[in-house]
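User: I have a chain open and want to talk through its fold. Can you take my questions as they come?

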Amino acid sequence: MERPSETDAGSLEECLDRNARLERILSTSNSTVQKLTRRLYFDGKTGLPNHAFLERDIERAISSGDDDFALIFIALDDTFDLLKKSQKSVLSEWVLYKTAVSIKALIRPKGRVYQTKSHEFAILLNGVDRAGTLAKMSE
């Protein structure tokens, strides 16, 4: 059996170094992809899934052939716009966040809440007995 030459050992070390650098690059790339995906599908202020996520979920619900779902939209009224214009943005962001938390608490586990616009929310409910569930929720 032949012993590896010094040049073979050097090229092995170079290979290992290159491999380690590639692993660091891939790790950084995966982290960047995760951050970009989060920004693409979630609202930064409320942490709720956004309109892009909603579109994806609606497409899945429709393509599954299951028609036991409902889509509800909730918009904060003009009072919120007045608050947003007259107060610091921290206050309006707090109101959005608290609204999101409240809606999520009411909806889970039957559905998912989305923030579709700056002051609008959508709710996608699954397994809906249309007449009973929607009447109950509207109360």
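User: Which residues touch the most other members in the largest nonpolar core?
Analyst: This is a predicted model, to begin with. In the largest nonpolar core, Ile-103, Ile-107, Val-113, Phe-121 and Ile-123 touch the most other members. That core has 13 residues.

User: Which elements each supply at least two residues of this core?
Analyst: Helix H4 and strand E3 (120-126) each do. H4 gives the most, with four residues.

User: What else is there, apart from that core?
Analyst: Another core, of six residues, lies apart from it. Leu-54, Tyr-114, Ala-122 and Leu-124 are among its members.

User: Any general background on cores like these?
Analyst: In soluble globular proteins, nonpolar side chains tend to be buried together.

User: Back to Val-113. What does Val-113 touch, not counting residues up to four places away in sequence?
Analyst: Val-113 touches Leu-48 and Pro-49. It also touches Ile-103, Lys-104 and Ile-107. Phe-121, Ala-122 and Ile-123 complete the list.

User: Let's zoom out. How many helices and strands are in the protein chain?
Analyst: Five helices and three strands. Along the sequence, the pattern reads α-α-β-α-α-β-β-α.

User: How much of the chain counts as buried?
Analyst: Of the 139 residues, 22% count as buried. The chain exposes about 10,600 Å². Carbon and sulfur atoms supply 55% of that area.

User: And what share of the contacts with a separation of 6 or more comes from residues 24 or more positions apart?
Analyst: They account for 54% of those contacts.

User: New topic, helix packing. At what angle do H3 and H4 pack?
Analyst: H3 (residues 78-86) and H4 (residues 89-107) pack at about 145 degrees. Their axes are 7 Å apart.

User: Which residues make the contact?
Analyst: From H3, Phe-80, Leu-83 and Lys-84. From H4, Leu-91, Ser-92, Val-95 and Leu-96. By class, the residues of this contact are five nonpolar, one polar and one charged.

User: Now Asp-57. Where is Asp-57 found?
Analyst: Asp-57 is in helix H2 (residues 51-63).

User: Does Asp-57 count as buried or exposed?
Analyst: Asp-57 counts as buried, because its relative accessibility is 11% and the cut-off for buried is under 20%.

User: OK, a charged residue. What does the side chain of Asp-57 make polar contacts with?
Analyst: One polar contact is with the side chain of Arg-112, at 2.9 Å. Another is with the side chain of Tyr-114, at 2.5 Å. Leaving aside neighbours within four places in sequence, Asp-57 is in contact with Arg-112, Tyr-114 and Leu-124. Tyr-114 and Leu-124 also came up as members of the six-residue core.

User: And Arg-56, buried or partly exposed?
Analyst: Partly exposed, at 27% relative accessibility. Arg-56 is in helix H2. Arg-56 and Tyr-41 are 15 residues apart in sequence. C-alpha to C-alpha, they are 9.6 Å apart in space.

User: What about Gly-111? Which strand is it in?
Analyst: Gly-111 is in strand E2 (residues 111-117). Gly-111 counts as buried, at 19% relative accessibility. Not counting residues up to four places away in sequence, Gly-111 touches Leu-124, Leu-125 and Asn-126.

User: How far apart are Gly-111 and Phe-69?
Analyst: They are 42 residues apart in sequence and 8.9 Å apart in space, C-alpha to C-alpha.

User: Last one, His-119. Where does it sit?
Analyst: His-119 is in the loop between E2 and E3. His-119 is buried, with a relative accessible area of 18%.

User: What is His-119 in contact with, leaving aside its neighbours within four places in sequence?
Analyst: Ile-74, Ala-75, Leu-76, Phe-80, Asp-81 and Leu-96. Phe-80 and Leu-96 are also part of the contact of H3 with H4.

Note on methods:
Residues are numbered from 1 along each chain as its sequence is written. This is a predicted model: local features need pLDDT of at least 70, side-chain atom pairs count only at pLDDT 80 or more; totals for chains, interfaces and linings use all residues. Side-chain values use heavy atoms; hydrogens and water are left out. Axes are lines fitted to C-alpha atoms, for helices over the stretch in contact, and angles run from 0 to 180 degrees between N-to-C directions. Contact means heavy atoms within 4.5 Å. Ala, Val, Leu, Ile, Met, Phe, Trp, Tyr, Cys and Pro count as nonpolar, Asp, Glu, Lys and Arg as charged, and the others, Gly among them, as polar. Buried means under 20% relative accessible area, exposed over 50%, partly exposed in between (1.4 Å probe, protein chains only). Accessible areas come from the Shrake-Rupley method with a 1.4 Å probe; for residues, only the protein chains shown count as cover. A nonpolar core is a set of buried Ala, Val, Leu, Ile, Met, Phe, Trp, Tyr and Cys residues joined through side-chain atoms within 4.5 Å. A polar contact is a pair of N or O atoms within 3.5 Å; within protein, one must be able to donate a hydrogen and the other to accept it, and residues adjacent in sequence count only if both atoms are side-chain atoms.
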